[in-house]
Amino acid sequence: MVGAPLARRTRKRSRPSRIDSVLGYAALGWPAVPGAFPLRRGSRACSCDRLGCPDPGAHPISPAWHLQATTDAGLLARWWHLEPEANVILPTGTVFDVFDVPLATGLTALSRLDAEGAHSGPVAANGDRVLFYVATRGNPEDEDEWWSCHLDCDPATIEETPGLRWHCRDSYVLAPPSTLPNGQPVSWLRAPDGRPLPDPLRVLERLAD
């Protein structure tokens, strides 16, 4: 009887905290910034002060997030000490891009990559979406091939773009171990391991198939 609660506490401690994960991302060279978080499980209430927030718990706290995002361990620790429940926001388009696809599509593509023995790169589950972290395209010479998601000023919803979303510059993603409004955590299917990120066009071919 005494051992069971202790085991539960041990399992709870073994789960990654927000700051542990953020500092891990910083060690990889991935800048982060604090995000809003759901106030109550199963509700659309957001910790931000915006009435009727269109993207509860899935956006940066500050509108200047793209300027504030950092890998400075001291600053990150201070931010999450002040707001330990803050979700983790990772800007895209500088160190990496992210393909954001429906769950079935993502799992099928991941299985194909595994079967081919190909490096999938980091892959995260975000509710009914799967996120593939790939090398960023940087600043291509042909700007006509580049587009961005202006989530900082007008959050796009999954309903508006149900298929593939390519998060590049001016965009961001909600990263593990952030919490969704339904209480479900964002989690890694393939955690980052320090290897170079895969070529986005190669992963895109699998997703398009």
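# Briefing: surface patch, helix faces and salt bridges

Leucine 107 is partly exposed, its relative accessible area being 38%. The model in which this residue is described is predicted. The chain of 209 residues contains six helices and eight strands. The topics below run from the overall architecture to two helices, a surface patch and the salt bridges.

**Overall architecture**

- Along the sequence, helices and strands succeed one another in the pattern α-α-β-α-α-β-β-α-β-β-β-β-β-α.
- Of the 209 residues in the chain, 41% are buried.
- Among contacts with a sequence separation of 6 or more, 75% are between residues 24 or more positions apart.
- The accessible surface of the chain amounts to about 11,300 Å², and carbon and sulfur atoms contribute 54% of that area.

**Nonpolar surface patch**

- A nonpolar patch on the surface is formed by Leu103, Leu107 and Leu189, which together present about 210 Å² of accessible area.
- Leucine 107 belongs to helix H5, which spans residues 103–115.
- With 38% relative accessible area, leucine 107 is above the 30% that a patch member must exceed.

**Helix H2 and its two faces**

- Helix H2 comprises residues 18–27, and its buried residues are Arg18, Ser21, Val22, Tyr25 and Ala26.
- Viewed down the axis of H2, these buried residues fall within an arc of 145 degrees, so they line one face of the helix.
- An α-helix has 3.6 residues a turn, so residues three or four places apart point the same way.
- Asp20 and Ala27 are exposed and sit on the face of H2 that is turned away from the buried side.
- The cover over the buried residues of H2 includes helix H4 (73–82) and the strands S2 (87–92), S7 (171–175) and S8 (187–190).
- After H2 comes glycine 29, with a positive phi near 90 degrees.

**Helix H4 and its two faces**

- In H4 the buried residues are Leu76, Trp79 and Trp80.
- Around the axis, they cover an arc of only 90 degrees, which puts them on the same side of H4.
- His81 and Leu82, on the other side of H4, are exposed.
- The buried residues of H4 are covered by elements including H2, strand S1 (33–35), helix H3 (65–68) and S2.
- H2 and H4 are thus a reciprocal pair, because H4 is among the elements covering the buried residues of H2 and H2 is among those covering the buried residues of H4, with contact meaning heavy atoms within 4.5 Å.
- The N-terminal end of H4 is capped by aspartate 72, a side-chain oxygen of which lies 2.9 Å from the backbone nitrogen of glycine 74.

**Aspartate 100 and its partners**

- Aspartate 100 is located in strand S3, residues 96–102.
- Its relative accessibility is 5%, so aspartate 100 counts as buried.
- Arginine 165 and aspartate 100 form a salt bridge in which the closest N and O atoms are 3.7 Å apart.
- This pair links distant parts of the chain, with arginine 165 in strand S6 (residues 165–167) and aspartate 100 in strand S3, 65 residues apart.
- Arginine 165 is buried as well, at 8% relative accessible area.
- The side chains of aspartate 100 and arginine 129 make a polar contact of 2.7 Å.
- A further polar contact, of 3.3 Å, connects the side chain of aspartate 100 with that of histidine 167.
- A network of salt bridges links Asp100, Arg129 and Arg165.

**Other salt bridges**

- The whole structure holds six salt bridges.
- Side chains of opposite charge can pair when their charged atoms come close.
- One of the salt bridges joins the side chains of arginine 190 and aspartate 114, with an N to O distance of 2.3 Å.
- Arginine 190 lies in strand S8 and aspartate 114 in helix H5, so this pair ties together parts that are 76 residues apart in sequence.
- Both residues are partly exposed: arginine 190 has a relative accessible area of 31%, and aspartate 114 has a relative accessibility of 38%.
- Another salt bridge, 3.5 Å from N to O, is made by the side chains of glutamate 205 and arginine 206.
- In that pair, glutamate 205 is partly exposed at 48% relative accessible area, whereas arginine 206 is buried at 18%.

Methods. Residues are numbered from 1 along each chain as its sequence is written. This is a predicted model: local features need pLDDT of at least 70, side-chain atom pairs count only at pLDDT 80 or more; totals for chains, interfaces and linings use all residues. Side-chain values use heavy atoms; hydrogens and water are left out. Buried means under 20% relative accessible area, exposed over 50%, partly exposed in between (1.4 Å probe, protein chains only). Helices (H or I, at least four residues) and strands (E, at least two) are DSSP runs, numbered from the N terminus. The arc is that of the directions from the helix axis to the C-beta atoms. Patches are made of residues with over 30% relative accessible area and no salt bridge: like charges are joined within 9 Å, nonpolar side chains (Val, Leu, Ile, Met, Phe, Trp, Tyr) within 5 Å. Accessible areas come from the Shrake-Rupley method with a 1.4 Å probe; for residues, only the protein chains shown count as cover. A salt bridge is a side-chain nitrogen of Lys or Arg within 4 Å of a carboxyl oxygen of Asp or Glu. A polar contact is a pair of N or O atoms within 3.5 Å; within protein, one must be able to donate a hydrogen and the other to accept it, and residues adjacent in sequence count only if both atoms are side-chain atoms.
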